[in-house]
Amino acid sequence: MSLVRVAVIGIGNMGAAHARTLIAGEVPGAELVAVCDVRQEMAKWVSDNFPASVVYWQDAEQMMGSGTIDAVIIATPHYDHPEQAIQAFRYGLHVMIEKPAGVYTKQVREMNEAASASGKCFSIMYNQRTNPLYIKLRDLIASGELGEIRRTNWIITNWYRSQSYYDSGGWRATWAGEGGGVLINQDPHQLDLWQWTIGMMPVRMRAFCSFGKYRNIEVEDDVTAYVEYANGATGVFVTTTGEAPGTNRFEVNGDRGKIVIEDGKLTFWRLRESEPEFNQRFTGGFGQPECWKCDVPITGVESGHPGLIRNWVDAIRTGAPLIAPGEEGIHGLTLSNAMLLSTWTDHWVDLPMDEELFYEHLQERIAQSVMKKDQGYSKNQPADLTQTFK
């Protein structure tokens, strides 16, 4: 395929940003030919802001079946990602979805099965996988430089959100609207990187989520989770939207030292010999392995959202390997679902988790949700995110 005809579904902030990336010619081999948004009011916004060659559709299925597109980027509300992706696969389209993959793993698993059956190219917008810091961390662990992993610890508490943020939309921070709080809205990238960089998923988890602890919301805004891995390693994940100033520190310990990513830097404290080797030969009263603080060269530039779209289009055209295969979106979502289920049941959760049990608990909360339809949503205009992140 020499030129991939792309459509974007959902012209909110992120969808509009992806459309602008394509219009700006930042994705060789791809052309934005259509956009879709259920709000009729967006037709004029599209005509005012996009070239005349970009066709506006209000009905996504009609657009998918039009024969005028080859691929879709889905940037709609969380609950809609799996359903629309499955629909797109049925029409033989390649798919890229925004994060999170969905709200509950049962639905995401069905999406993955549809993707596999379609044979089409499926990716997810995990743009942090293009960050050279996390690429290097993953490389150091996979190559054995850190040795056997013993502990992971991620404190991600710099997602501060005020009450006015939550009040800006009746769907925000509700079970029926978003399907969760900090875990589903702010943390999907960290939950993905937590398992992607170390190459391991926990085998069981105990978590404590607080719902509306700092703000008048019905979903979680403060979480502490403890996990155990098959090799005996343990991990802790702490997150909140209610602290200022917050912290973003990811520490991984192995039997050859520790690596810390914080303040945009990666630091490796490397042991001259592994801790088990030192312990076997050491006969003194006090002592510890010789340790070197290493400045690890970090090369490359974070390509962010445009980089992932280019990778997805390359995969469609040439079969290039995907940086973020869509099927892998279920891993981070499994972690967040397990944290909630552990809290709701006040018990340990073994992984793979009981997806049906989580779904039942979620439905109970959706039934009691206070979500209100956002009357002003139809007139909201996409924000310009070009100066905020990649």
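Buried means under 20% relative accessible area, exposed over 50%, and partly exposed in between (1.4 Å probe, protein chains only). This is a predicted model: local features need pLDDT of at least 70, side-chain atom pairs count only at pLDDT 80 or more, and totals for chains, interfaces and linings use all residues. Residues are numbered from 1 along each chain as its sequence is written, and side-chain values use heavy atoms, with hydrogens and water left out.

**Exercise 1. Find which residue forms a salt bridge with D346, and state whether each partner is buried or exposed.**

Step 1. Fix the term. A salt bridge is a side-chain nitrogen of Lys or Arg within 4 Å of a carboxyl oxygen of Asp or Glu.

Step 2. Find the partner. D346 pairs with R206, and their closest N and O atoms are 2.4 Å apart.

Step 3. Place both ends. Helices (H or I, at least four residues) and strands (E, at least two) are DSSP runs, numbered from the N terminus. D346 sits in the loop between α12 (329-345) and β15 (349-350), and R206 in strand β8 (residues 204-211), so the pair ties together parts that are 140 residues apart in sequence.

Step 4. Check accessibility. D346 has 54% relative accessibility and counts as exposed. R206 has 13% and counts as buried.

**Exercise 2. Say how many salt bridges the structure holds, then work through those of R270 and E251.**

Step 1. Count. The structure holds 19 salt bridges.

Step 2. Take R270. Its partner is E145, with the closest N and O atoms 3.2 Å apart. R270 belongs to strand β13 (residues 265-271), while E145 is in the loop between α6 (132-142) and β7 (149-156), so this pair links parts 125 residues apart in sequence. E145 is partly exposed, at 30% relative accessible area.

Step 3. Take E251. It bridges to R249, and the closest N and O atoms are 2.6 Å apart. E251 is buried at 9% relative accessibility. R249 is partly exposed at 25%.

Step 4. Widen the view. Salt bridges with shared partners join R151, R249, E251 and E262 into one network.

**Exercise 3. Describe the ends of α6, its buried residues and what they pack against.**

Step 1. Start at the N-terminal end. N131 caps it: a side-chain oxygen lies 2.9 Å from the backbone nitrogen of L133.

Step 2. Go to what follows. After α6 comes G144, whose phi is positive, near 90°.

Step 3. List the buried residues. They are P132, L133, Y134, L137, L140 and I141. An α-helix has 3.6 residues a turn, so residues three or four places apart point the same way.

Step 4. Name the neighbours. Contact means heavy atoms within 4.5 Å. The buried residues of α6 pack against β7, α9 (188-196), β11 (248-254), β12 (257-262) and β13.

Step 5. Zoom in on L140. This residue of α6 is buried, with a relative accessible area of 8%. Not counting residues up to four places away in sequence, L140 touches E145, L146, I259, L266, F268 and V296.

**Exercise 4. Give the strand order of the nine-stranded sheet and find its edge strands.**

Step 1. Fix the rule. Two strands pair if DSSP finds at least two bridges between them.

Step 2. Read the order. The open sheet runs β14-β13-β12-β11-β7-β10-β9-β8-β15, with mixed pairing.

Step 3. Find the edges. These are β14 (291-294) and β15, and each pairs on one side only.

Step 4. Inspect one pair. β12 and β13 run antiparallel, joined by six bridges. I261 stands opposite L266 in β13.

**Exercise 5. Describe the six-stranded sheet: its order, pairing and edges.**

Step 1. Read the order. The strands form an open sheet, β3-β2-β1-β4-β5-β6, and the pairing is parallel.

Step 2. Find the edges. β3 (55-57) and β6 (122-124) each have a single partner strand, so one side of each is left without a neighbour in the sheet.

Step 3. Inspect one pair. Strand β5 (residues 94-97) and β6 pair in the parallel sense over three bridges. I97 stands opposite I124 in β6.

Conventions: A polar contact is a pair of N or O atoms within 3.5 Å; within protein, one must be able to donate a hydrogen and the other to accept it, and residues adjacent in sequence count only if both atoms are side-chain atoms.
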